[in-house]
Amino acid sequence: MQDAIIQFQLDYGYLINPLIVGTLVSIVCSVVGCFIVLRGMSFLADAIAHSMLAGVIAGYLFMKVLFGQESHLGGMLIGATLAGILTVAMVGLVTRFSRIKQDTAIGIMYTGIFALGSFLLSLDSVGSLVLIDIYHFIVGDVMAVKTGELWLLAIVTSIVLSVVILFYRPLQLTSFDPIMAASIGIPVLAVEYLLTACTSLVVVSGVQIAGVILVVALIITPAASAYLLTDRLDRMIVASAILGVVGFWTGFLIAIVTGSAAGAAVVITMTAFFFLCLVFAPRHGLLADWIRKRNTVPQEIMEDVLGSVLRSGDGFVPVEEVLGYISKPNIKIRKSIDMLERQGLLDVQDDKLKLTKDGLFEARRLVRAHRLWETYLDQTSVPKEEIHSRAHQLEHLQDESMVDYLDDKLGHPITDPHGSEIPIDEKRVARNEKVLLSLLREGYRAQILEKKVCQEAIAIEVGQVVSIGKRSEDGTIWTVVTDAGDILQLDHDQADALLVQIVEN
Amino acid sequence: MIQSGQHKPQTRSTGAARPPAIEVEDLTVSYGPVPALLDVSLTIEEGKLVGIIGPNGSGKSTLMKAMLGFIKPDVGTVKIFGSDVAGIKGRVAYVPQRGAVDWDFPITVREVAAMGRYSYRRWWQDLKQQDYALAEEALVKVRMSDFADRQIGQLSGGQQQRVFMARALTQNADILLLDEPFAGVDAATERAILDVLEDLKNDGKTVVVVHHDLATAAEYFDLLILLKQRLFGFGPPKMILNPKLLGDVYEGTLRVFAELERQGAEG
């Protein structure tokens, strides 16, 4: 057993440091990445990564010349962090005091500082002092991590994670609503610099794995994937960290097995995860979006189907007949029939359709809206040949009070301009409810519950039961017959003034 | 470095001793070479419902940001209840313009409403059960409690506006600033917002609203601020909404002609 462990350590021990480092770095990168993605600072993170080169060289030279320390990681780390902050400060300065926009300023600054670094490095006098493997710096080399560096990275990780936990609310609020943050005394600019400092630190540690060119992917790719997965910031941070770690391990193992560059393999894996999230994310994914679009049948089509079943008469109607009624048949009709059946509005048997009780109610409501609109449009300047199609659009308006308004304005008409009957307002004319007498049609019997004040007195008392008779004068005069046999003629205002309860019909 | 915005609710003292709610003095703000506000001075007494009107780009939002202490003026001061706005924490609540909010931000209705309690806790402290209870109460008041777990992007425009109203209510500030709360909301929301504003006024709060609709300005507000970089007028609607003054500020855009006619017709 003992032997086996020693053998295992001999064989695979060299993987332990890289795996620990990679895990720490990917957690911290993807956590800070959440704020960077939400604040739209991705490009800035990229800039910080590139400008690091100058900072690393400065830190290296500083430690070597003053203290004689060769490639002192702490010195380089501090140098890189300062270079990152300097870049951000310069970008801020240029944006503020010139007409140059921020993205351009970022582009100028980071290439400039990066160039400064590579210029210095290419000078013989400096180049001979600085013994950095520039290739590893650019593409990263997680396998080369030493134990000392591991400790340093562990410290950086814990500092950054504590900052994010401690400053969670200031970071959240300044990202979401900086104006409110300022008004409750959070120093918005200081928080921004704090986040920038954290970004510089995580970029510097991420470079160990992926190098300056790819390090941004460790920061933003897991965070952006997590952003697609959830609608809450705390969960997004956790999801991002998990995606980061799993992405690193998977990529790293692929690199070991295939003998490829670890940084590249890790970034490829994370990018693949991103595409998986992009397609399969439960709410914001493309697939979910597509299914949602496919499953929603436009309300208008469903309503058209109901209306045409109603117009086709009583009993079961063959589907073909319904299709014939709808001016622009399309594939969604089948789906809307299914949908209506599921909603309990249609009864479907062997390709024949029948309205259920609820369906009948709904269909009458639609036909009523359509015919009222037609009656109204007939009185406006809308050309006669357009009335039907306009009414067809307008009947789908969801606001019921609009239809009630039309009905009242038109004097509660019984027929539309084509002479077809306008269905009664079933919703308002329900039993056990107060209803305007004006809404009732011939044959209804109702008890007067309330008499509102109106211009002309009405010779009828509360409590009396009346039968509604035929309307006269083009439907503008209501006739009611009291049980005593008195016949009353009411105009629109009077009929509206009487609130009744239906006794029978 | 970061101070918490804790503040104690001030006890109502005898009216005369209490300094005015908002005092703006000689305020000039510029963005680069372009002045946004020039020499604006005004004093808003406590308990007033004030509208800020003026054409697009007239500095309405800038004045509001200055009252929040979000921008440093080039010249002048803003005082809240007698002390400089920079030192004021959480006594001014803010409802942003709808276009200024990132509606894709991963945050729920409840979390936004609870933000109003941030100024009562130190920056490293978590919110407590009681804070969420107060947020819930405010959501009930604006009739949004059924949507507490929704992400804010999945709401209608009017509902979104009401969530931020709830946040301002949770904050229980003495002064409320609202940036175009009536822009593009349905009638029900407009009514709901007005009711809340009335309630706030009756509680003695001071409310300042950036408003773009001249037609409703007189009906909604006690006082109007007419702004176009400079202060063109500050007073009761009757005084501000006169054709001469509006003509100066709006410089004969079509809308204003219609507005003037309406004003004329009403006398």
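Colleague: Let's start with chain B: what order do the strands have in the open sheet of six strands?

Modeller: Keep in mind that this is a predicted model. The pairing in that sheet is mixed, and neighbouring strands are turned by 15 degrees against each other on average, ignoring direction. In chain B, the order of the six strands is 6-7-8-3-9-10.

Colleague: Which strands stand at the edges of that sheet?

Modeller: Look for strands with a single partner strand, so that one side of each is left without a neighbour in the sheet. In chain B, that description fits strand 6 (92-95) and strand 10 (230-235).

Colleague: Take strand 6 of chain B and strand 7 of chain B: in which sense do they pair, parallel or antiparallel?

Modeller: Strand 7 of chain B covers residues 175-179, and four bridges link strand 6 of chain B to it. As one of the residue pairs, B:Ala93 has B:Leu176 in strand 7 of chain B as its bridge partner. The sense of the pairing is parallel.

Colleague: And what angle does helix 5 of chain B make with strand 8 of chain B?

Modeller: Helix 5 of chain B, residues 187-202, packs on the sheet and touches strand 3, strand 7 and strand 8 of chain B. Comparing its direction with that of strand 8 of chain B gives about 145 degrees.

Colleague: Chain B also has an open sheet of four strands; what is its order?

Modeller: The pairing there is antiparallel. Strand 2 (34-44) and strand 5 of chain B are the edge strands, each pairing on one side only. Read across, the order in chain B is 2-1-4-5.

Colleague: Over how many bridges do strand 1 of chain B and strand 4 of chain B pair?

Modeller: Strand 1 spans residues 22-31 and strand 4 residues 75-80 of chain B, and they pair in the antiparallel sense. You can find B:Thr28 opposite B:Val75 in strand 4 of chain B, while B:Glu23 has B:Lys79 as its bridge partner. The count for the two strands is five bridges.

Colleague: Which residue in the turn between strand 4 of chain B and strand 5 of chain B has a positive phi?

Modeller: Strand 4 of chain B runs antiparallel to strand 5 (residues 83-84) of chain B, joined by two bridges, and B:Ile80 stands opposite B:Ser83. The two strands form a hairpin with two residues between them. In that turn, the residue with a phi of about 45 degrees is B:Phe81.

Colleague: Over to chain A: why are helix 12 of chain A and helix 13 of chain A called oblique?

Modeller: The axes of helix 12 (residues 233-258) and helix 13 (residues 262-280) of chain A come within 7 Å. They cross at roughly 130 degrees, and angles over 145 would count as roughly antiparallel, 65 to 115 as roughly perpendicular. Helix 12 of chain A and helix 13 of chain A are therefore oblique.

Colleague: How many residues does each chain bring to the contact between chain A and chain B?

Modeller: On the side of chain B that touches chain A, the residues divide into 14 nonpolar, seven polar and three charged. For the complex, the predictor gives an ipTM of 0.83 and a pTM of 0.72. The contact takes 24 residues from chain B and 22 residues from chain A.

Colleague: Which element of chain B has the lowest mean pLDDT?

Modeller: Chain B averages a pLDDT of 84, with 88% of the residues at 70 or above. Residues 1-15 of chain B stay under 50. Among the elements, helix 2 (residues 109-114) of chain B has the highest mean, 96, and the lowest, 53, belongs to helix 9 (residues 254-266) of chain B.

Key. Residues numbered from 1 in each chain as written. Chains lettered and ligands numbered in written order. Predicted model: local features only at pLDDT ≥ 70, side-chain atom pairs only at ≥ 80, totals over all residues. pLDDT = per-residue confidence, 0-100. Contact = placed C-beta atoms within 7 Å. Pairing = 2+ DSSP bridges. Axes fitted to C-alpha atoms, helices over the stretch in contact; angles between N-to-C directions. Parallel < 35°, antiparallel > 145°, perpendicular 65-115°, else oblique. Nonpolar A, V, L, I, M, F, W, Y, C, P; charged D, E, K, R; others polar.
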